[in-house]
Amino acid sequence: MKSGLRLLIHSELLIFFLLISISCSKDKVELTDNGTVQIVSLVASDTILTAWIDTASVEIVATGTGLSYHWACNHGTIRGSGSTIKYTAGECCVGLNTISCRVSNDSSSVSGEIMILITSYFDQ
Amino acid sequence: MYRTIFVILLFNLGLLQTAIGQCCSAGNPSAFAFSDHNSVRAKSLLIGASYKYGYSGVYFAGNKPQNVSFGYPASYSFLLLKTAYGISKRINIQLSGGYFLTKKQENPEPYPDDVGQGLADAEINVRYRFFKSMKRKTEFLLSGGLRLPIGVFDLEKNGVKLPITIQPSSGSLVLMTGISAIKSFENSKFRLYGLLNAEFPQLIDSRNFYYRYGNLVNLSLTTTYAVNRFFNTAIQVHAEFRGHATRENDQVISASGYHTVMVSPQLQIDYAQGWSFSVSAEFPVYRYFNGIQLANSFKTGFGLIKKIAPYSKR
């Protein structure tokens, strides 16, 4: 009985630390730009937005074949996907925010970013 | 004695998740998962699983709900596994880990909802009973622990990184400490629990996010009542105080932080030897949010627990 209990506890601990080790070993391999993908432009319809109210359309134009687009922002919300997305943000995201886009295909990847200022809903 | 331990643990299992949205989402569960104030008997093992659902549908500015056109609800469904072991009469250790079935922020048409899913954070806590009086039927415990950001973070859907509030993991190490008290009464079916704890989230500095959640203080008072040998009820009042978050260049986010008071009725059923089932709900009675934020509307959940005490009947 005692050994059974120890086995159970050890199993729990093993699972716990296994989860930690799996989580800590995330793949961080990055593709490098070999020139086959190039960003032509990355523009927003507006670069100053009021929180909760305004939305900007952000478009990236890139050359290359078989392109896929990966968008991210440090604060706010991105809606849609592909080469054109909508960006909006709440009051929590007031400040100068970065929207980045990585364009890639099977052989290369290139990134660009644009800054958008979010002003307070209460200042409108 | 074991029944008492069960009652304590079950009622606290219902408290494992608190998730009031900070900013744009239903928030991160297990804000004070470590803080259940029970003590597990030496050499006893308890294993529990619980499910929690939370819904946030109202925006608040200060203590007033805001009828806004831009707001959309958020919700989550969460599973938690937890184990607690009594190393000695005074020291317990707890491990827990969770999984978000969904963590959802609704969006206006024609955009699909933002939905996060995956492994959440894990916690490890140590609890030390530093005072116990049989005469006064009172005990006090100190606790300390860590919440480890082992879960899914920087989650991406359809080529778009999900907002930080939808990520299954909080993304940061959280330091936790607390003190709790248990008070029983002579020839009474009532029991009181008190809890005060604090959480100190560390900086999130990932590829996409630079953010630090505000510190959190929880204060809860719980009264339990044993209806009979099978049914136990409880009512809890829980106050939560969250400080302001910060972002790049130590900029304080004014629309972050809140204080709330929630009331939570709970029921626990002992239906078999060593097995118990609990169900709980939580409703806000007071909410104050800095700036304008999405506020939690209600939470509900249920839990199952199994006691393994191999030496208890020898």
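B:Arg147 forms a salt bridge with B:Glu199, and the closest N and O atoms of the two are 3.0 Å apart. I begin with this pair because it links distant parts of the chain, B:Arg147 lying in strand E6 of chain B and B:Glu199 in strand E10, residues 190–201, 52 residues apart. Both B:Arg147 and B:Glu199 are buried. I should say at once that the model under discussion is a predicted one.

B:Arg147 has a further partner. It also forms a salt bridge with B:Glu123, here with 2.6 Å between the closest N and O atoms. This second pair again connects distant parts of the chain: B:Arg147 sits in strand E6, residues 138–148, and B:Glu123 in strand E5, 24 residues apart. The relative accessible area of B:Arg147 is 4%, so this residue counts as buried. B:Glu123 is buried as well, with a relative accessible area of 1%. Taken together, B:Glu123, B:Arg147 and B:Glu199 are linked in a network of salt bridges. As a general point, side chains of opposite charge can pair when their charged atoms come close.

How many salt bridges does a search of the whole structure find? Over all chains, the search finds 5. One of them joins B:Glu156 to B:Lys161, with the closest N and O atoms 3.7 Å apart. In that pair, B:Glu156 is partly exposed, at 29% relative accessible area, whereas B:Lys161 is buried, at 11%.

Let me now place these residues in chain B as a whole. The chain has 1 helix and 18 strands. It contains 314 residues, of which 57% are buried. Among contacts in chain B with a separation of 6 or more, 66% are between residues 24 or more positions apart. The chain exposes about 12600 Å², with 61% of that area supplied by carbon and sulfur atoms.

On the surface of chain B there is a nonpolar patch. Its members include B:Ile87, B:Val126, B:Tyr128, B:Phe130, B:Leu219 and B:Phe241, and the patch has about 930 Å² of accessible area together. The elements that give two or more residues to it are strand E5, residues 114–133, and strand E13, residues 216–226, both of chain B. Strand E5 provides the largest share, 4 residues. B:Tyr128 is found in this strand, and its relative accessibility of 37% makes it partly exposed. Strand E5 therefore enters this account twice, since B:Glu123 of the salt-bridge network lies in E5 and is buried at 1%.

I turn to chain A. Its secondary structure comes to 1 helix and 8 strands, and from the N terminus on the elements run α-β-β-β-β-β-β-β-β. Of its 124 residues, 40% count as buried. Residues 24 or more positions apart account for 60% of the contacts in this chain with a separation of 6 or more. About 6600 Å² of chain A is exposed, and carbon and sulfur atoms supply 57% of this area.

A word on confidence is needed here. The mean pLDDT of chain A is 81, and 72% of its residues reach 70 or more. Over residues 18–33 of chain A, however, the pLDDT is below 50, and in the model this stretch has 20 contacts beyond near neighbours in sequence. Where pLDDT is low, the predicted coordinates should not be read in detail.

Two residues illustrate the strands of chain A. A:Ile85 is placed in strand E6, residues 84–88, and is buried, with a relative accessible area of 1%. Which residues does A:Ile85 contact, leaving aside its neighbours within four places in sequence? They are A:Ala56, A:Ser57, A:Val58, A:Trp71, A:Ile78, A:Arg79 and A:Gly80. A:Trp71 is 14 residues from A:Ile85 in sequence, and their C-alpha atoms are 8.5 Å apart. The second example, A:Thr50, lies in strand E2, residues 48–50. A:Thr50 is buried at 15% relative accessible area, and, not counting residues up to four places away in sequence, it touches A:Thr119, A:Ser120, A:Tyr121 and A:Gln124.

Finally, the cysteines. A search of the whole structure finds 0 disulfides over all chains. Why is A:Cys93 not bonded to A:Cys92? The sulfur of A:Cys92 is the closest cysteine sulfur to that of A:Cys93, yet it is 3.1 Å away, too far for a bond, as the cut-off is 2.5 Å. A:Cys101 is likewise in no disulfide, and its nearest cysteine sulfur, in A:Cys73, is 12 Å away. A:Cys93 is buried, at 6% relative accessible area, and A:Cys101 is buried too, at 1%.

Definitions and conventions
Residues numbered from 1 in each chain as written. Chains lettered and ligands numbered in written order. Predicted model: local features only at pLDDT ≥ 70, side-chain atom pairs only at ≥ 80, totals over all residues. Heavy atoms only, no water. Buried < 20%, exposed > 50% of the residue type's maximum accessible area, 1.4 Å probe, protein only. Patch = residues over 30% accessible without salt bridge, like charges linked within 9 Å, V, L, I, M, F, W, Y side chains within 5 Å. Areas by Shrake-Rupley, 256 points an atom, 1.4 Å probe, with all protein chains shown as cover. Salt bridge = Lys/Arg side-chain N within 4 Å of Asp/Glu carboxyl O. Contact = heavy atoms within 4.5 Å. pLDDT = per-residue confidence, 0-100.
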